[in-house]
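Q: Please take me closely through one part of this model, starting from the contact between chains and then staying with a single strand and its surroundings. I would like one connected account.

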Amino acid sequence: MQDKSENVTDKQVYLNRRLFMRAAALAGTATATTLLYRRLNPRPAEPVKGDKLQEVVQAPQEAAIKQGLAVTDQLTPFDAITNYNNFYEFDTSKQGVAYAAKGFVTRPWAVSVEGLVNKPKVFDIDELLKFPLEQRIYRLRCVEGWSMVIPWVGFPLSKLLEKVEPTSAARYVAFQTLLDPNRMPYQRTGVLDWPYVEGLRLDEAMHPLTIMATGMYDETLPPQDGAPIRLVVPWKYGFKSIKSVVKITLVADEPPTTWNIQAPDEYGFYSNVNPNVPHPRWSQATERRIGEYGRRNTLLFNGYGEQVAHLYQGMDLVKNF
Amino acid sequence: MTNVRFFKTVVFVNALVPLALLVLDLYRKQVGPNPLDVVTKTTGMLTLIFLSLTVAVTPLRKIFGLNSLVKVRRMLGLFAFFYGSLHLLTYISFDRAFNLLSVGPDVVKRPFILAGMTSFLLMLPLAITSTNKMVKRLGGKSWARLHRLVYLAAIAGVVHFWMLVKSDTRLPLTFGFIVLFLLGYRLLVKYMPAPQPDTNSSLFRRD
């Protein structure tokens, strides 16, 4: 024991050191893996508080349900609506949009309503927020097979269109989202053909259920849900309800629409919710209501058939998907 | 040998870290509004990652001479199968509500599920024959031939992923390129005449 050279490490020390190194290696790699996982799987973002909207009119419940202005389904929680978004201008991951859209500047903002109209006009957002606001509790069915129930606040699109007086030549309405890659980072990628555009037939646009939403849960819209103003068409798949609108154009012919450009055989111009017409790659017969575990049956026209089926009288819904 | 055991431990622990975090997040309800979506995506992604890692072992060994990697290849493959099983279980339990009879029609209706199921069924015999006993029973050569199915499993897995995304195909394509590169590398080594003079080069060393 005493004649041990100074340079030879004591066996116990050596073993301890090796154990220590191994523990460090294990802890280090596990930490690295954890960080990598967290990076790829972000947790839900902190909720964004909007401004309270004043004087939101609520129709008497019974009448509202009868007219399709409200449903009795349980509301999807605010946190879910604001952390599960398809908004490709910000991110293609549904959980990533809330982060990416944080701090999105929506002032100044104007919506130009133009085209085949007698009185084209650029509306400032504050002017639009002064339209008589109503609450609408709508189902939202995403083409991907999930759904929510959202208490929107907004006004019928018809109220806006009446102000500009569409001419008799106007048969369709085209919508456009803001194009600004500095504010909408994914517009630098080629995942879609920017800017996002959508369209409706004029009678669909004038339908009382079609609204321009400026809020939900009685607050102004959070960025990830289409601030400051978006379209909501409850009987069509969610992607028809274009977000962060800057331009509305009355036109004579069916306008191009983004997802139809992207995959013409998968996303049609009409895109009415229809359990009997499958997406080429998946069935549309059922959906998962966010917050529920099983799947529920998808309803024709998302359950708004009584109000909107007449718009498509005599039309082949398989051909005009 | 103890170094190999430690190396295996490191890989084993790290391979389980994502599962631990996923379970922790589920327990603390920090998985967002659609937990099933997160479980499905995470387990699916992990399957593809481990499939890619498994097929990366041979090229990495040959290019960088990292021969010890082969010691963990079986474990990597089994983790691919493990996460693939969890992925399938999520689908069967929550998407199909344990109604196994509805799986068949669903596979036909949704082609991307067919691709995923193919990938899983290709991994199944590989997992079953992964033990030392089975290697002996099958004989090294035919065992190795059978286990080349892992490439088909990886390709079917990538196709499954690629088919289900709507437009942002960057991630599935990345996996696709990785798998094709790793497969292409093997074909290249197999069919390219070995360079004669530099026998010490580890780049094309055959073993």
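A: In this predicted model, the contact between the chains draws on 28 residues of chain A and 22 residues of chain B. On the side of chain B that touches chain A, the elements giving two or more residues are α1 (2-27), α5 (111-128) and α8 (149-164) of chain B, and α1(B) gives the most, with seven residues. That side of chain B divides into 13 nonpolar, six polar and three charged residues.

The strand to follow is β4 (residues 146-156) of chain A, which supplies six residues, the largest share, to the largest nonpolar core. This core has 67 residues, and those touching the most other members are Trp152(A), Val173(A), Phe175(A), Met212(A) and Ala213(A). A second, separate core of 28 residues includes Leu46(B), Leu48(B), Leu53(B) and Ala154(B).

Nine of the eleven residues of β4(A) are buried, so that the strand is mostly covered. Strand β3 (residues 134-141) of chain A runs antiparallel to β4(A) and is joined to it by eight bridges, with Tyr138(A) standing opposite Ile150(A). These two strands form a hairpin with four residues between them, and Gly145(A), in the turn, has a positive phi of about 105°.

β4(A) also runs parallel to strand β11 (residues 286-289) of chain A, to which two bridges join it, and here Trp146(A) stands opposite Arg288(A). With strand β7 (residues 211-216) of chain A, β4(A) pairs in the antiparallel sense over five bridges, and Gly154(A) stands opposite Ala213(A). Leaving aside neighbours within four places in sequence, Ala213(A) is in contact with Trp152(A), Val153(A), Gly154(A), Leu221(A), Arg230(A) and Val232(A).

Conventions
Residues are numbered from 1 along each chain as its sequence is written. Chains are lettered from A and ligands numbered from 1 in the order in which they are written. This is a predicted model: local features need pLDDT of at least 70, side-chain atom pairs count only at pLDDT 80 or more; totals for chains, interfaces and linings use all residues. Two residues are in contact if their C-beta atoms, placed from the backbone, lie within 7 Å. Ala, Val, Leu, Ile, Met, Phe, Trp, Tyr, Cys and Pro count as nonpolar, Asp, Glu, Lys and Arg as charged, and the others, Gly among them, as polar. A nonpolar core is a set of buried Ala, Val, Leu, Ile, Met, Phe, Trp, Tyr and Cys residues joined through C-beta atoms within 7 Å. A residue is buried if 20 or more other C-beta atoms lie within 10 Å of its own, exposed if 12 or fewer, and partly exposed in between; C-beta atoms are placed from the backbone. Two strands pair if DSSP finds at least two bridges between them.
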